[in-house]
Amino acid sequence: SVHEKLDLINNQLRSEGADCLILAALDEIAWTFNIRGTDVTYNPVVVSYAFVSEDESVLFIKPEKLTAEITEHLKKEGVTLAEYSMIQRYLSRLPENSRVFVDMNKTNVSLYDAIPGNCTIVEGISPANHLKSTKNETEIKGFQNAVVKDGVALTKFYIWLEKQMAEGAQVTEISAAEKLTALRAEQPQYIMDSFGTICGYAEHGAIVHYSATPETDATLKPEGLLLIDSGAQYLDGTTDITRTIALGEPTEQMKKDFTRVLKGTISLAKSKFPAGTRGSQIDILARKALWDSGINYLHGTGHGIGHCLNVHEGPQSIRMEENPVTLKPGMVISDEPAMYRTGEYGIRTENMILVREDSETEFGKFLGFDTLTLCFIDTSLIIIPMLSVREHAWLNKYHQMVYDKISPFLDEEEKAWLKEKTTEI
């Protein structure tokens with residue numbers, strides 16, 4: 001509840017030697033006050049500011065954004081409501097010698113300048129950001145529900161795409177992305193996509209953050225590779241998934257590249273590591289199969305994912321660059337190794353993974369990951385002998401899980417299609 005979250009934040013503030021906190025990041029405010037909105041495309045947040053302290057917690061927001069029911073609920077939770085534009089005046093009146101916690105990466109200059117000079121600034125990552133990153137049991141269950149709905153929509157989409165290609169119908173990058181959004185929108189509790197779909201055909205797949213325009217909108221042909229990175233906001237969770245599929249007979253190089261990327265996805269998903277490990281310490285697991293062949297990708301391997309919130313969230317990450325934030329049970333992170341051949345194609349295989357407790361030995365506690373995402377991986381692109389015994393077993397077990405969890409929501413024709421896509425190799 002809101003008052004429980006405020007208590008948690010105030011406890012962390014005390015341990016940091018601060019007595020109040022300015023919140024300017026919209027996803028942190030949404031999480032703290034259990035509100036969602038549609039002010040920002042793809043992110044279910046509300047334009048607002050907040051101030052948290054033991055004495056008073058204030059949500060600065062335009063009153064017309066709140067229904068009478070929500071207003072009453074927030075007041076019962078101990079929240080004071082104020083006009084959005086009042087934040088600077090409020091801060092300027094803070095008591096002398098207040099110790100104000102400020103996340104310098106998330107706070108704008110006008111708020112910082114409003115703090116009286118006789119106050120002490122305590123800098124760091126916002127307690128709300130730390131707390132938000134670790135999902136509770138309800139949020140984890142929500143993610144597990146959301147990936148089933150997403151998996152159903154994705155299965156229906158790839159069935160549709162295969163039929164369209166077989167019939168010689170014209171499908172473009174934009175029309176494919178629009179169809180995927182439409183199928184997600186049919187799922188219960190769908191709110192909106194979680195980011196603009198990246199649908200990159202052939203050489204467009206090698207552009208990491210490609211966005212098709214009417215001028216670049218490529219028509220799909222029965223050849224080459226198609227990379228689709230997409231996601232959705234559901235009331236019970238947020239999704240982010242990338243799949244690369246062959247639209248025709250893949251080349252040997254495509255298969256080798258795809259298998260190396262897949263080995264990275266599996267290696268990270270299967271990893272076991274001591275509590276206190278940072279993301280940068282395990283990033284190599286996703287890259288080693290690529291590095292062994294002189295291949296690399298120049299983006300992060302994993303980012304935090306919000307619960308019906310921003311699809312990219314911190315403070316944790318898995319990437320080559322150092323990040324002092326350790327991985328903790330309950331964090332949901334992407335697992336997305338990749339490779340790009342400029343002018344030819346791109347390959348990325350991305351799942352969402354949940355950090356969980358694994359075991360405790362005489363050497364301490366160890367953590368691991370559960371893979372959340374439910375969607376088939378194109379086995380026509382895999383060179384099976386390149387997989388280790390453990391990787392081979394992981395893939396077959398994963399595909400069995402995909403079929404078991406998605407098939408109850410499909411008709412007989414769709415079930416048969418998915419059964420073929422998830423058959424043991």
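## A six-stranded sheet and its helices

Helix α3 (residues 68-76) lies across β3 (57-60) and β4, and its direction makes an angle of about 135° with β4. Keep in mind that this is a predicted model.

Those strands belong to an open sheet of 6 strands, ordered β4-β3-β2-β1-β5-β6 with mixed pairing. At the edges sit β4 (79-82) and β6, each of which pairs on one side only. On average, neighbouring strands of this sheet are turned by 20° against each other, ignoring direction.

Here are two of the pairings, with a residue pair from each:

| Strands | Sense and bridges | Opposed residues |
|---|---|---|
| β1 (residues 20-23) and β5 | parallel, 2 bridges | leucine 21 and phenylalanine 101 |
| β5 (residues 99-102) and β6 (residues 120-123) | parallel, 4 bridges | valine 102 and glutamate 123 |

To get from β5 to β6, the chain passes through helix α5 (residues 109-114), making a right-handed β-α-β crossover.

Now for the N-terminal end of things. Helix α1 covers residues 2-15, and at 1.5 Å a residue its 14 residues should span 20 Å; the end C-alpha atoms are 20 Å apart, so the two agree. Which residues of α1 are buried? They are Val2, Lys5, Leu6, Ile9, Asn10 and Leu13. These cover an arc of only 135° around the axis, so they lie on the same side of α1. The spacing fits a general rule: an α-helix has 3.6 residues a turn, so residues three or four places apart point the same way. Just after α1 comes glycine 17, with a positive phi of about 80°.

Conventions: Residues numbered from 1 in each chain as written. Predicted model: local features only at pLDDT ≥ 70, side-chain atom pairs only at ≥ 80, totals over all residues. Heavy atoms only, no water. Pairing = 2+ DSSP bridges. Right-handed = clockwise from strand over helix to strand, strands pointing away. Axes fitted to C-alpha atoms, helices over the stretch in contact; angles between N-to-C directions. Contact = heavy atoms within 4.5 Å. Expected span 1.5 Å × (residues − 1). Buried < 20%, exposed > 50% of the residue type's maximum accessible area, 1.4 Å probe, protein only. Arc of directions from axis to C-beta.
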